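Welcome, and please load the model in your viewer. We will go from the whole chain to single side chains, one selection at a time.

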Amino acid sequence: MSNNIVPRESEMSLAELRGDCARMAPHWTVPARTVTKPVEHSRIHGVTVPPSSARLIDSMSDYGD
């Protein structure tokens, strides 16, 4: 284990952070929202799931752990 202590990066105040965000906001772009239609079940074929993966997903809770 090393005894070297990494110096903390300079701490930024909330006001500085908000100012930086305000200056960057005009540069951020929002991509156009694309709406996709669900695929019909009859068109899905050839998909296989290994039994080990199916068991893993089956054993997961509905709301996460």
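The tour below starts with the overall view of this predicted model.

**Stop 1: the whole protein.** Colour by secondary structure and you will find two helices and zero strands. Now switch to a surface view. The protein exposes about 7400 Å², and 58% of that area comes from carbon and sulfur atoms. How much of the protein is buried? Of the 65 residues, 0% are buried.

**Stop 2: helix H1.** Select residues 14-24, which form helix H1, and show the side chains of Asp-20 and Arg-23. These two side chains meet in a salt bridge, with 2.2 Å from N to O. A search of the whole structure finds one salt bridge, so this pair is the one to label. Asp-20 and Arg-23 sit three residues apart in helix H1, which means that about one helical turn separates them. How open are the two partners? Arg-23 is exposed because its relative accessible area, 53%, is over the 50% cut-off. Asp-20, at 29%, lies between the 20% and 50% limits and is therefore partly exposed.

**Stop 3: the loop.** Move on to the loop between helix H1 and helix H2 (51-58), where you can pick out Ile-44. With a relative accessibility of 47%, Ile-44 counts as partly exposed.

**Stop 4: a nonpolar patch.** Keep Ile-44 selected and add Val-39, Val-47 and Val-49. Together these four side chains make a nonpolar surface patch of about 390 Å². Give the patch its own colour on the surface view, and the tour is done.

Methods. Residues are numbered from 1 along each chain as its sequence is written. This is a predicted model: local features need pLDDT of at least 70, side-chain atom pairs count only at pLDDT 80 or more; totals for chains, interfaces and linings use all residues. Side-chain values use heavy atoms; hydrogens and water are left out. Helices (H or I, at least four residues) and strands (E, at least two) are DSSP runs, numbered from the N terminus. Buried means under 20% relative accessible area, exposed over 50%, partly exposed in between (1.4 Å probe, protein chains only). Accessible areas come from the Shrake-Rupley method with a 1.4 Å probe; for residues, only the protein chains shown count as cover. Patches are made of residues with over 30% relative accessible area and no salt bridge: like charges are joined within 9 Å, nonpolar side chains (Val, Leu, Ile, Met, Phe, Trp, Tyr) within 5 Å.
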